[in-house]
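Me: Please choose one part of the model shown below and look at it closely, then follow the thread outward from there. I would like a single connected account, with the reasoning spelled out wherever a classification depends on it.

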Amino acid sequence: MQHFIEKMPKAELHVHLEGTLEPELSFALANKNGVVLAYETPEALVAAYDFYDLPSFLAIYYAGMNVLVEEDDFYQLTYAYLVKARSQETIYAELFFDPQAHTSRGVSFDTVITGIHQAQVDAEKKLGIKSQLIMCFLREMSAESAMQHLELAKPYRNLLVGVGLDSDERDNPPIKFYDVFREAKAMGLKLTMHCDVNQQDSLIHIKQCISDIQVDRIDHGINSLESEELCELIKDKKLGLTVCPVSNQFVVQSLTSVEIHKMLKKDMLVTINSDDPAYFRAYLNENLVQLQKEGKFSQEQIVTLVGNAFKVAWLDDATQNGYL
Ligand code: ES4
Ligand code: ZN
């Protein structure tokens with residue numbers, strides 16, 4: 001089964017580029033940029049990865065970004081992820097990035113997006129992995145800041161496929177960003193939002209995503225299973241759910257295999273993803289292998305999970321049909 005999973009052509013729809021920063025690259029960039037890290041070696045850095053919920057993870061994730069300063073740093077980060085993904089037979093990826101986590105440190109929007117984009121172009125040409133970019137807003141920051149970043153993105157509109165919402169969910173509901181997401185939709189961008197597992201007001205947030213924001217996908221969305229109404233809405237609207245088992249293991253101490261079985265049984269378009277693979281020490285294959293082991297999923301079910309990702313990917317029909 002592991003071999004079968006590793007050899008399958010796959011798509012990844014939920015991966016934060018900043019969450020693909022491997023400790024070795026972190027040290028190389030820190031040296032180059034004169035940034036002091038709190039640990040002596042990459043091994044010591046990994047040993048200090050101590051997360052048990054979303055806020056404890058996010059603190060380490062944001063601290064890690066300080067080494068990303070120059071355009072080439074964002075290029076290296078992105079290219080290294082695409083090399084790794086392609087080595088796992090991931091042939092298509094949609095990549096999140098968090099511009100506010102960089103502009104707030106004095107790194108320009110242009111630096112971030114140009115570095116990322118150039119790596120996407122080179123990786124497609126040299127490695128044969130296609131990718132598209134999703135700009136995320138940090139939900140604990142203001143709606144005004146999100147709108148300013150959407151404005152900053154306008155000259156780069158064609159480098160983006162969609163916008164998302166991530167980071168700390170507590171007291172930051174989807175409707176806080178209603179105007180921002182209306183404007184993004186008017187720009188022709190696809191919409192998605194995180195509804196992380198077991199967060200405060202999970203069901204209210206999922207309902208707002210669907211009915212108020214009118215998202216095209218939901219990131220995570222595990223708690224929708226608690227509401228028949230939400231499950232029906234998700235099915236009716238054919239919304240993909242981008243679930244991240246190993247990430248869930250850290251946040252709620254469960255790979256959520258029971259929930260993924262339930263979603264498959266309901267014919268919901270659930271997909272498997274890695275979220276922050278460098279921090280959670282698991283790329284897409286490791287997520288699928290660990291999930292399959294725990295939940296004893298059949299080959300057919302694995303094919304459905306992987307196939308769902310191609311089905312709900314934000315691709316034009318011709319490209320999508322080529323994959324399916
Ligand atoms: C994230 Cl696991 C998770 N949840 C919310 N926002 C995030 N950004 C990066 N990883
Ligand atoms: Zn995420």
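Reply: In the shell around ligand 1, the largest contribution comes from helix α4 (residues 54-64), which supplies 3 residues. This is a predicted model, and everything below should be read with that in mind. The full set of residues surrounding ligand 1 consists of His16, Gly19, Leu54, Phe57, Tyr61, Asp166, Ser167, His194, Asp196, Ser247, Asp275 and Asp276. Within that set, Leu54, Phe57 and Tyr61 fall in the range of α4. An α-helix has 3.6 residues a turn, so residues three or four places apart point the same way. Taken by class, the shell contains 3 nonpolar, 5 polar and 4 charged residues.

From this shell, Asp275 deserves a closer look. Asp275 sits in the loop that joins β8 to α14 (277-280), and its phi is positive, about 70 degrees, even though the residue is not a glycine. Asp275 counts as buried because 30 other C-beta atoms lie within 10 Å, where 20 or more are required. Setting aside residues up to four places away in sequence, its contacts are His14, Val15, His16, Gly19, Cys244, Ser247 and Phe280. Of these contacts, His16, Gly19 and Ser247 also appear in the shell around ligand 1. As a sense of scale, Asp275 and Tyr178 are 97 residues apart along the chain, and their C-alpha atoms are separated by 24 Å.

Asp267 offers a contrast in the matter of burial. Asp267 likewise has a positive phi, near 60 degrees, without being a glycine, and its place is the loop between α13 (257-265) and β8 (269-272). Here, however, 10 other C-beta atoms lie within 10 Å, and Asp267 is therefore exposed, since the limit for that class is 12 or fewer. The strand β8 thus has Asp267 in the loop that precedes it and Asp275 in the loop that follows it.

The thread can then be taken to helix α7 and its partner α5. Two packed helices are described by the angle between their axes and the distance between the axes. For α5 (residues 71-87) and α7 (residues 109-127), the angle is about 35 degrees and the axes are 7 Å apart, with a right-handed crossing. On the α5 side the contact involves Glu71, Asp72, Asp73, Phe74, Tyr75, Thr78, Tyr79, Leu82, Val83 and Arg86, while α7 contributes Thr111, Val112, Thr114, Gly115, Ile116, Gln118, Ala119, Gln120, Asp122, Ala123 and Leu127. Sorted by class, this contact comprises 10 nonpolar, 6 polar and 5 charged residues.

The length of α7 can be checked as well: its 19 residues, at 1.5 Å a residue, should span 27 Å, and the 26 Å between its end C-alpha atoms agrees with that expectation. Just beyond the helix, Gly128 adopts a positive phi of about 75 degrees. The buried residues of α7 are Thr111, Val112, Ile113, Gly115, Ile116, Ala119, Gln120 and Ala123, and they pack against α5, β2 (90-97), α6 (100-103) and β3 (130-138).

Ile116 shows how several of these elements meet at one residue of α7. Because 24 C-beta neighbours lie inside 10 Å, Ile116 counts as buried. Apart from neighbours within four places in sequence, Ile116 is in contact with Leu17, Phe74, Thr78, Phe97 and Leu133. Among them, Phe74 and Thr78 belong to the α5 side of the helix contact, whereas Phe97 falls in the range of β2 and Leu133 in that of β3. The C-alpha atoms of Ile116 and Glu228, with their positions 112 residues apart along the chain, are separated by 40 Å.

Two further helical residues complete the comparison of burial. Leu45, in helix α3 (residues 42-47), has 20 C-beta neighbours inside 10 Å and therefore counts as buried. Beyond four places in sequence, Leu45 touches Pro23, Ser26, Leu37 and Tyr39. Asn31, in helix α2 (residues 23-33), is exposed, because it has 11 other C-beta atoms within 10 Å.

Key
Residues numbered from 1 in each chain as written. Chains lettered and ligands numbered in written order. Predicted model: local features only at pLDDT ≥ 70, side-chain atom pairs only at ≥ 80, totals over all residues. Axes fitted to C-alpha atoms, helices over the stretch in contact; angles between N-to-C directions. Helix = DSSP H or I, 4+ residues; strand = E, 2+ residues; numbered from the N terminus. Left-handed = near helix turned anticlockwise from the far one by under 90°. Contact = placed C-beta atoms within 7 Å. Nonpolar A, V, L, I, M, F, W, Y, C, P; charged D, E, K, R; others polar. Near = placed C-beta within 6 Å. Expected span 1.5 Å × (residues − 1).
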